[in-house]
Amino acid sequence: MATVTDTVSRSLREFLILTDTIRCRPDEVSLETSLGEQKAIKLQYPYMTARMQSVVGPQMACTAGRNGILTCVPQSLRDEDKQQILDANKAARLKTGDVQYVERPERVAPEDTLDHVIKRVRLTGHSVVPVIDHLYKLHGFYIHDPDNVPSVPATTPIKHVMTPLQSNDHQEGIPYLLCSQQDRVNEFLRDHRVAPIVDDDFVFQKLAFLQKFGTNFIGMALRTRNRWQEDLERWGPQVDTLMIDSSNACFEDAFKVLKEAKARFPDKPFGIGNIIQGRHFKEFAQAGADYIIGGMGVGSICQTGSKRGNGRGQFTVAYELARARDEYRKDSGRLVQLVIDGGIQDVKDMTVALAFADVIMMGSYFNKFWEAAGEKLDAKGKPTSNEHLMTHVETWGEGHPHARLVGILGRDYRKGSDNNVSQEDKEGAAERYHQMVLANATVEGVLGKTDYRGHLKPNVEADARYIRVTIANSGATNLAEFRERAVLELASAETLRDMYPHHVHIDKE
């Protein structure tokens with residue numbers, strides 16, 4: 001008869017992180033991480049985008065990548081769409097030490113109010129804002145610190161709050177370079193955060209920033225049943241990491257793909273996903289995987305658990321796979337990193353997952369942003385390009401027929417169908433769920449919409465502040481320490497209800 005385990009599938013939401021002695025300020029907590037044993041990919045945030053059509057397009061790759069987040073290209077897209085994403089990402093890539101010039105930065109006028117400027121900062125994510133008048137003369141900068149907002153009325157003109165340019169009257173002001181001094185920009189940026197460049201009349205020309213970390217690392221999910229050798233040959237040289245994207249990676253061909261990929265690209269991290277049991281983690285680790293992705297049935301657009309009955313609570317997955325990772329490292333001396341994918345609804349879930357995972361993969365989180373590939377919708381559900389009218393973003397699971405439609409006809413299929421589609425491309429759209437014929441494929445994802453949240457950069461930065469506060473309060477100073485020191489406790493349903501505002505009418509959160 002069937003076996004019944006004693007384990008209870010637990011959600012990330014059921015657990016709380018206990019506090020300990022604070023050893024550093026929250027803003028000193030590092031969220032930097034790397035992927036691959038050779039530290040091949042250095043990330044500013046421990047995030048990967050989900051391998052979802054509604055999430056990853058050229059805009060997401062460029063923006064997420066510039067902000068130190070790994071973008072993962074879905075295997076279900078057409079080759080033309082994949083190449084478009086890779087080309088855009090390559091053009092946006094910066095290396096450590098590169099000088100980045102911005103000629104048309106987000107700017108404000110001297111008479112704009114503090115309230116207006118802060119709203120622009122929160123919308124765009126640009127925290128260094130030049131103050132420029134109608135003649136394009138640069139007066140100074142407003143440098144936004146969310147933890148130290150100026151203690152003045154919101155209606156105060158920004159010219160009274162900004163930091164002016166350095167001069168005889170303002171020795172503590174912001175230094176600048178004249179156009180004739182541009183050859184000094186690299187030297188200048190060693191000591192200063194930004195280099196404003198103006199002409200002799202202080203007319204603004206451009207800003208220069210020194211890139212402190214490499215950007216726009218990108219990965220590609222491979223087809224596993226058909227043409228994976230072709231995928232390796234075509235995409236391997238163009239990406240930083242390769243991976244298998246399957247609802248259940250425990251099949252024989254996965255080991256073949258892994259072996260061939262590591263032989264062909266030994267210096268590029270290779271990931272296997274998804275799995276939910278510790279013994280499978282060890283099997284793939286021993287076979288040479290560099291990172292392993294855990295989770296099944298808990299994604300916001302996934303029906304694998306509800307319709308098929310396959311899956312596991314994400315806390316249980318994270319705990320068991322983290323234990324397998326640590327045991328394997330102790331026995332072999334090799335770190336195979338753990339990526340947790342799915343079941344992450346908010347910042348609290350992100351932090352609980354990071355108590356176990358080296359990196360977290362998120363779909364719903366990134367799907368809410370302006371940069372997501374999904375169509376932006378107004379309150380009536382109609383597509384709109386007017387950001388002020390955006391209330392929702394279209395989303396769909398890779399197991400929904402809509403994903404097969406996009407995989408066959410392309411991302412812009414609404415503008416006209418492409419009938420010159422091979423049968424191999426048509427059937428490739430069903431691979432993730434091990435279904436080779438579209439006509440017989442089951443529906444394991446939903447089509448819907450998620451709330452629009454705004455631009456990626458300001459939201460990621462705001463959420464990261466909460467994560468840093470939690471980590472600092474746990475007694476850790478970085479992610480590695482957090483995984484060692486974090487103490488988690490199962491909370492009752494009543495406790496979780498108590499954790500949210502209650503017995504109060506909320507006017508504004």
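Accessible areas here come from the Shrake-Rupley method with a 1.4 Å probe. By that method the protein, which is a predicted model, exposes about 24700 Å², and carbon and sulfur atoms supply 47% of that area.

The overall dimensions can be read in two ways. Along its principal axes, the C-alpha trace of the protein spans about 85 × 60 × 50 Å. Because a compact globule with 509 residues would have a radius of gyration near 23 Å, the 24 Å of the protein agrees with that expectation. Within this envelope, the secondary structure comprises 16 helices and 22 strands, and of the 509 residues 52% are buried.

The contacts describe how the chain is put together: among those between residues at least 6 apart in sequence, 67% join residues at least 24 apart. As for charge, the protein carries 64 positive and 70 negative side chains, and the centres of these two sets lie 2 Å apart.

From these totals one can turn to a single residue, D79, which lies in helix α2, a helix covering residues 79-92. D79 has a relative accessibility of 13%, and because buried means under 20%, D79 counts as buried. When its neighbours within four places in sequence are left aside, D79 is in contact with R223, R227, E230, R234 and W235, where contact means heavy atoms within 4.5 Å.

How values were computed:
Residues are numbered from 1 along each chain as its sequence is written. This is a predicted model: local features need pLDDT of at least 70, side-chain atom pairs count only at pLDDT 80 or more; totals for chains, interfaces and linings use all residues. Side-chain values use heavy atoms; hydrogens and water are left out. Helices (H or I, at least four residues) and strands (E, at least two) are DSSP runs, numbered from the N terminus. The radius of gyration is taken over C-alpha atoms; the globule rule is 2.2 Å times the number of residues to the power 0.38. Buried means under 20% relative accessible area, exposed over 50%, partly exposed in between (1.4 Å probe, protein chains only). Lys and Arg count as positive and Asp and Glu as negative; His and the chain ends are not counted. The place of a charge is taken as NZ of Lys, CZ of Arg, CG of Asp or CD of Glu.
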